[in-house]
Amino acid sequence: MVYELREQPWFGLYVGYQIVTTTLFRLPYWFLISYPQSWRPRASWTVKRSVLLKLFRHIFDVSQRTGPLTSFPTHRAIKPGPGVKGVWVEAAPHLVTGVLLTMAEAANVTCAHIPGYWVDRDETLPAGAPPQLGDKILYRLHGGGYYQLSAHPSDPTANIAHGILKYSPPITRTFSIEYRLSTTEPYKPENPFPAALLDAIAGYHYLVHTIGFDPRDIIIAGDSAGGNLALALVRYLRDYRDYHPGLRLPASPSGLLLISPWADLGRSHDGPNTSLSNFCSYDYTAARGQGRASYGKLAFLGPFGLGLAERSPYVSPASLNMWVGARFDGFPRTLICSGGAEALLDSIRSLWWKMERDMGGGTGRGQVSYYEAKDALHDHIVFAWHEPENKQTLQVIANWIEEGQKHL
């Protein structure tokens, strides 16, 4: 059973036991077995990284029994704090049509009034200030398996925004939407697909029609599940931009940045001798049994069930079982970044192949580029300690953004 120890006093007793035993026994043992280089998951890893990997995996295993160990901001309120620039984003039901409208009605999902957060190079800039001449913006969709983490600047995934602002001078501003997270049993089932996509559409519409950004000055970025959401958003903009004159969907952005995207929620990349099986002991996201990955899928897919992950290009665009519908013609210039030791590597490479097939390779406008950081973990630029891959990947992103400016 998932989250069977979520209630007190079992939650407190179990977490307390894990803290004591990890501090006194597990950490010393992990240091001991990580000291010989040949015993580490990857020879290039330091002792510190090897131990941190084991610690993160253990924390995730614990959370499979307890539920979330900490609370995080949600779509229900703007969480204030020093330097936090939060705004409310209006729902955009007038932009929802076609298959998305049909699926929203089937899942009993409606558009919502949700928060968003600005992180700007100029910290004194007011939240939602109109764009100035030369402003380029990163519209960031955070990861977390569609059921955890946040768009808030205090969230670990906000390190992506800070890193890109530091390494990429053309990007002056970032905006992240607090899309609704999905839940299922043993909690109240809420916000299944396509709730997050409805929110992502509203956030993009806010940037273009409320704030006034030209789509040519916007790069949509997503990490992990946020990469899945970014792909779905761009697909919707492409598919329905000219659906009918009254829809008035914004034009596609100038670029799409995908960081360890979760691009196949189905089973086409499962099985022996795949990255999911071979890298299970390397990557902190590789859950065991009926764990966090299964919970995230079930919560996100909701009433549609796991079958939706096998047939919808909005959910599993990298699926090897989907040869019709998941085309990428008309997508903007794209950079895909991955880690060479992550469990999702096979599906990310399949996504790269499919996008390159339809868009062409290289670094020019309207093409797709791929960067794989050798021995790096899933979503590695979230972690400041993940060096040298962190800085190397941020520099690759900076070069890609700089190259894109030459083609505008």
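So, what covers the buried residues of α4? The cover includes β2 (114–120), β3 (137–141), β4 (173–177), β5 (218–223), β6 (255–259) and α11 (389–405). This is a predicted model, by the way, so keep that in mind throughout. Helix α4 itself runs over residues 158–167, and 7 of its 10 residues are buried, so the rest of the structure largely encloses it. If you want to click through them, the buried ones are Ala-158, Ile-160, Ala-161, Gly-163, Ile-164, Leu-165 and Tyr-167.

Okay, zooming out to the whole chain. We've got 11 helices and 8 strands here. The radius of gyration comes to 21 Å, and the globule rule gives 22 Å for 408 residues, so the chain is as compact as a globular protein of that length. Along the principal axes, the C-alpha atoms fill a box of roughly 65 × 50 × 45 Å. Of the 408 residues, 58% count as buried. Now contacts: take the ones between residues at least 6 apart in sequence, and 78% of those join residues at least 24 apart.

On the surface side, the chain exposes about 17100 Å², with carbon and sulfur atoms supplying 58% of that. As for charges, there are 38 positive and 35 negative side chains, and the centres of the two sets sit 3 Å apart.

Next, domains. The domain assignment gives domain 1 as 9–66 and domain 2 as 85–406. Their C-alpha centres are 30 Å apart. How many residues does each domain put into the contact? Domain 1 gives 14 residues and domain 2 gives 22.

Let me pick out a couple of individual residues. Ser-63 is in helix α2, residues 47–66. Is Ser-63 buried or exposed? At a relative accessible area of 14%, Ser-63 falls under the 20% cut-off, so it counts as buried. Skip the neighbours within four places in sequence, and Ser-63 is in contact with Tyr-3 and Leu-69.

Then there's Ile-211, over in helix α5, residues 195–211. Ile-211 is buried as well, with a relative accessible area of 10%. Which residues does Ile-211 touch, leaving aside neighbours within four places in sequence? Those contacts are Trp-118, Gly-128, Ala-129, Pro-130, Pro-131 and Tyr-206. Look at Pro-130 in particular: it is 81 residues away along the chain, yet the C-alpha atoms of Ile-211 and Pro-130 are separated by 5.4 Å.

Last topic, backbone geometry. As a reminder, most residues other than glycine have a negative phi, and most peptide bonds are trans. So where are the cis bonds here? One runs from Gln-8 to Pro-9, with omega near 5 degrees, and Pro-9 is in the segment before α1 (10–34). Another joins Glu-387 and Pro-388, with omega about 10 degrees. Pro-388 belongs to the loop between β8 (368–373) and α11, and α11 is the helix I mentioned among the cover of α4.

For phi, there are two serines to look at. Ser-224 isn't a glycine, but its phi is positive, about 55 degrees. You'll find Ser-224 in the loop between β5 and α6 (225–240), and it is buried at 10% relative accessible area. Ser-260 also has a positive phi, about 45 degrees, again without being a glycine. That one is in the loop between β6 and α7 (275–278). Ser-260 is buried too, at 1% relative accessibility. And both β5 and β6 were on the list of what covers α4.

Notes. Residues are numbered from 1 along each chain as its sequence is written. This is a predicted model: local features need pLDDT of at least 70, side-chain atom pairs count only at pLDDT 80 or more; totals for chains, interfaces and linings use all residues. Side-chain values use heavy atoms; hydrogens and water are left out. Helices (H or I, at least four residues) and strands (E, at least two) are DSSP runs, numbered from the N terminus. The radius of gyration is taken over C-alpha atoms; the globule rule is 2.2 Å times the number of residues to the power 0.38. Buried means under 20% relative accessible area, exposed over 50%, partly exposed in between (1.4 Å probe, protein chains only). Contact means heavy atoms within 4.5 Å. Accessible areas come from the Shrake-Rupley method with a 1.4 Å probe; for residues, only the protein chains shown count as cover. Lys and Arg count as positive and Asp and Glu as negative; His and the chain ends are not counted. The place of a charge is taken as NZ of Lys, CZ of Arg, CG of Asp or CD of Glu. Domain bounds come from an automatic or database domain assignment.
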